[in-house]
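Let us walk through one sheet of this model, strand by strand. Keep the structure open as you read.

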Amino acid sequence: MSGYLNLRDIDWGMLVIVLIICALGVVQIFSAAIGTQWQDAWWKQIIWIVVGLVLMWICTAIDYHALMTRVWALYGLSLVLLLAVLVAGKQAFGSTRWIPLAPGFHLQVSEFVKLVIVLLVARFMTELRGDNLETRDLLKIMALIVAPMLLVIKEPDLGTALTYLPILAVGAVLAGLNWRYVVVAAVIVVLVLPVGVHFLQPYQKARLVSFLNPEGDPRGTGYQVIESKIAVGAGGMWGKGVAHGTQTQLRFLPVPHTDFIFAAFAEEHGFVGVVVVLALYFMLLMQIVKNAQTAPDRAGMYICMGVAALLLFHVLVNVGMVVGRMPVTGIPLPLMSAGGSSMLSIFLMLGLVNNVRVRRFVN
Amino acid sequence: MKLLPIEPETQHEASSKPVLRDDPKFASARIAAFQYITVAIFLFLISGFWDLQVRNPEFYNELAERNRIKSLPIIAPRGKILDRDGRVIVDNHLSWSVILSRETLKPEHLRPIADGLHLDYDDLQIQLKRFQSRPKYEPIIIKQELTPADIAFVESHKDPDFFPELELIHAQRRMYPQNGFAAHVIGYTGEISESELDEPEFAKYDTGSVIGKFGLEKQYNDSLMGVDGQREVVVDNRGRERQVLGIKEAIPGKNLQTTLDLDLQAAAELALDGRKGAIVALDPRNGEVLAMANRPTFDPNKFSVRIKSSDWKELVDNPDHPLLNRAIQAQFAPGSTFKPIIAIAGLETGTIDDQYTVHCPGGATFYGHFYKCHEVDGTVSLHKGIVKSCDVYFYNVGNKLGIDQIALFATQAGYGHPSGIDLPGEAAGVVPSSEWKIRNFRQKWYAGETISVSIGQGATTVTPIQMARAIGGLAMGGIWYKPHLLKSAKPEPPHQYPLNPENVAKVVSGMCGVVNEGGTGVRARIPGIEVCGKTGTAQLASNAFLKRGGKAPKDNAWFVGFTPPEHPEIVVAGLWEGGEKSAYTAALVREVLKAWSDKKIRLGQSLVAARPPEPAASQPEETPATERE
């Protein structure tokens with residue numbers, strides 16, 4: 001119709017920000033993992049970034065409208081894979097989250113389900129008849145998302161399961177969610193929380209308790225929060241320099257190359273470094289939101305906003321955890337934490353955003 | 001690169017429902033709201049970093065430093081304890097201890113650690129509880145004196161996969177003489193107890209400090225102890241050392257040279273072996289304690305590590321009280337060893353002179369009571385009274401003196417108050433007087449009570465150290481030095497109560513007769529030197545008690561001897577609890593005096609004032625046992 005799409009049309013500004021964050025992440029993984037069993041994680045991360053860029057490109061090339069038509073197939077596939085993980089997933093760290101895909105790479109299915117959720121919400125919301133989200137429709141989409149969430153919670157991986165919710169929440173709000181529902185939902189959450197706590201796994205309960213009072217159990221789960229806060233605080237204004245953070249280098253900081261990578265970064269680069277990186281994340285989010293604003297149709301807008309919501313949630317929970325303002329959940333920091341599945345799923349999502357962008361003038 | 005062209009048809013195929021709507025601007029206000037929320041969230045996150053990194057980074061810096069820098073103690077060796085000639089009595093030996101880092105301690109490791117080191121799990125938990133109030137980075141010593149098996153266990157388990165909280169350290173351990181040799185004098189060390197920590201005098205010590213708890217170890221703890229050093233190291237979260245930042249060497253404790261003479265001490269220990277009692281040898285010229293032995297005794301080595309509760313119970317529950325330092329803590333009636341004091345009091349006050357005689361028909365009546373003598377001695381003068389230990393003679397002298405004159409001289413000689421020896425826990429003994437009776441019983445003194453006191457019975461009680469000091473000072477002519485064990489102690493001015501040398505000579509002559517003229521102390525006789533002394537047998541039960549049919553406990557047997565008669569160089573007091581006959585104790589004291597003279601001969605020193613052997617004295621061994629009280 002309107003000719004061919006060009007490489008130059010992708011969001012170069014976003015890509016530059018993403019690559020800067022990734023580079024900082026690689027340096028931090030290198031620094032945090034010196035002399036440990038993960039000391040080669042940094043070049044693995046580079047491989048993931050390269051693979052991620054390729055996947056992003058592929059994801060950009062396939063018209064998102066084509067993806068939208070196959071949402072139900074993707075949704076079904078997700079449920080099957082999640083079930084497969086539960087049945088035959090690889091036991092690791094006490095939870096079954098991975099299925100082996102290739103030697104040295106174990107696919108974390110729940111990470112990729114995020115993409116499907118983004119597409120699902122976009123499709124569902126686009127097909128609504130009015131500009132207000134009906135209660136019936138809200139319950140329907142909630143049911144659709146709760147199904148994979150329950151499977152992921154069962155793994156057990158509450159943190160990843162929770163990341164599906166902001167996609168739904170932002171989608172619903174954009175679709176014209178009645179504000180009264182938000183109030184009702186808040187009330188229900190407050191009422192249900194004590195009951196819900198009852199069903200949490202012991203380690204999840206411990207994490208919650210230690211979030212509320214980390215000093216109460218300094219050698220247990222509270223340990224991670226305390227050591228993380230010490231690392232961050234010890235970084236001061238200018239940081240201790242790459243590979244000079246004592247909390248990171250002497251391993252007082254737990255998993256300083258994955259979940260707590262931002263604490264390691266904060267120790268070694270200080271408040272100044274933190275502000276720079278958070279500014280980069282903020283710019284990235286605003287760039288994605290801009291793509292939502294310029295999207296050619298509602299579906300594109302929902303996709304971009306879903307990705308933005310997901311990234312915002314990740315940053316909030318992970319970085320908030322590092323400074324003790326959020327409970328400890330195993331949620332990685334997107335683009336920085338070492339790990340293939342998380343990295344690839346983020347690049348795929350960035351591919352979706354580019355997908356929407358390159359088609360912004362189509363109509 | 002070319003992208004696939006958009007196929008408009010797909011939009012229609014996407015759903016059977018109405019077409020996808022393409023008015024993306026419909027939610028622009030809500031997208032703006034999302035942007036504001038994003039700003040708020042980032043400000044919230046940045047404020048978290050502001051709090052930690054900009055507002056109080058020092059606080060967290062310090063926590064980070066505390067995490068990484070650990071100080072490990074270098075235990076300072078305690079000073080050795082030496083005898084007067086520099087021979088080692090108490091030494092240290094190198095041993096290994098294992099410390100537990102509480103920072104990295106996992107509670108579930110405690111039981112396998114306890115099993116591996118053969119420790120009691122409950123004891124270990126109690127120990128951990130005691131340290132709860134201490135900062136976590138202070139490690140605690142959980143086992144000392146590791147056996148090779150223990151060391152192997154720690155070495156093979158201290159890596160991260162097992163128990164990284166374990167660490168081996170060197171320590172200097174106390175090595176005490178075997179068989180409880182001089183145990184009461186030396187004392188023992190132990191970990192400071194919780195109740196001690198609450199006392200102000202222990203305020204300078206920390207939980208876990210090993211301090212002297214008894215005897216010289218306690219008395220001179222501060223100089224013996226030294227100052228522990230420290231090693232500052234950088235550790236990782238497993239507690240493994242990454243780097244040594246600095247070492248503060250330990251300052252070893254000072255050696256303690258005592259006045260004890262190992263030769264004499266050994267003789268005293270051997271003499272007492274298998275008996276119950278004490279022997280004290282003093283140099284009356286300066287108060288130096290040459291020997292101090294006690295039986296029963298205990299093994300201080302059991303205390304050098306934490307004492308097992310079963311061993312402790314055994315010591316405490318033993319009816320013979322092995323932990324009692326009888327030489328300074330046993331208080332018993334002196335019996336006839338008190339008579340030289342009565343004699344000197346009589347002479348000094350002019351109450352009697354050497355012409356004064358008493359007829360002893362085997363007893364005498366005073367104030368309506370009959371007081372018996374153990375023998376019929378006939379006409380008794382001062383010399384004979386002492387030699388034969390005639391009670392009737394001393395009843396009369398005491399009666400003439402009155403209780404307060406007796407108390408005056410006894411107090412001058414050092415009875416009734418602690419001698420001031422540099423050992424903790426000395427007993428005072430009792431010197432009864434009219435004032436004492438009023439103070440303690442609110443009753444006036446009855447003259448009849450003086451009669452018993454005249455022969456060292458009644459309320460009078462003394463300790464062996466007091467007796468050695470009293471008789472030694474008397475023989476010195478009224479100069480009583482404070483007994484001490486520290487060789488380098490500055491000589492303190494002695495207590496003086498100048499006595500008439502003629503009077504002293506008369507009493508001393510009587511005491512020489514006790515040993516050398518067929519008196520009650522013949523068994524202390526040593527050919528070649530002139531030993532003077534006095535026996536004493538102290539009843540433990542009153543006569544009234546015996547009349548009522550009470551079963552008499554065996555009498556305590558005393559002997560105090562010195563030599564040479566003029567300017568004595570050594571005075572030895574011996575107590576044999578339940579020894580029955582004081583003559584037996586004289587034989588024990590003889591062993592110490594013999595060791596003393598043998599050593600002098602060995603060293604080629606002249607036995608000052610030693611007389612040639614006295615042919616006049618009938619062979620003491622053949623003399624019929626005329627043991628007297």
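Two strands count as paired if DSSP finds at least two bridges between them. By that test, β19(B) and β20(B) pair in the antiparallel sense, over 7 bridges. The model is a predicted one. One bridge of this pair sets B:Gly536 against B:Trp558 in β20(B).

Now widen the view. The open sheet holds 5 strands of chain B, in the order β12-β11-β21-β20-β19, and the pairing is antiparallel. Its edges are β12 (288-295) and β19 (532-538) of chain B, each of which pairs on one side only. On average, neighbouring strands are turned by 10° against each other, direction ignored.

Start at the β12 edge. Here β11(B), residues 277-283, runs antiparallel to β12(B), with 7 bridges between them. B:Ala278 has B:Asn294 in β12(B) as its bridge partner. Helix α11(B), residues 262-272, packs on the sheet and touches both β11(B) and β12(B). The helix direction makes about 25° with that of β12(B). Helix α22(B), residues 501-516, also packs on the sheet, but touches β19(B) and β20(B). Its direction makes about 75° with that of β19(B).

Next, look at β20(B). In a regular strand, side chains alternate between the two faces of the sheet. Are the two sides of β20(B) covered or open? Both are covered: B:Asn556, B:Trp558, B:Val560 and B:Phe562 are buried on one side, and B:Ala557, B:Phe559, B:Gly561 and B:Thr563 on the other. That puts 8 of its 8 residues in the buried class.

β20(B) also pairs antiparallel with β21(B), residues 570-576, through 7 bridges. There, B:Ala557 stands opposite B:Trp576. The hairpin of these two strands has 6 residues between them, and in it B:His567 takes a positive phi near 45°.

Terms used:
Residues numbered from 1 in each chain as written. Chains lettered and ligands numbered in written order. Predicted model: local features only at pLDDT ≥ 70, side-chain atom pairs only at ≥ 80, totals over all residues. Helix = DSSP H or I, 4+ residues; strand = E, 2+ residues; numbered from the N terminus. Axes fitted to C-alpha atoms, helices over the stretch in contact; angles between N-to-C directions. Contact = placed C-beta atoms within 7 Å. Buried ≥ 20, exposed ≤ 12 C-beta atoms within 10 Å, placed from the backbone.
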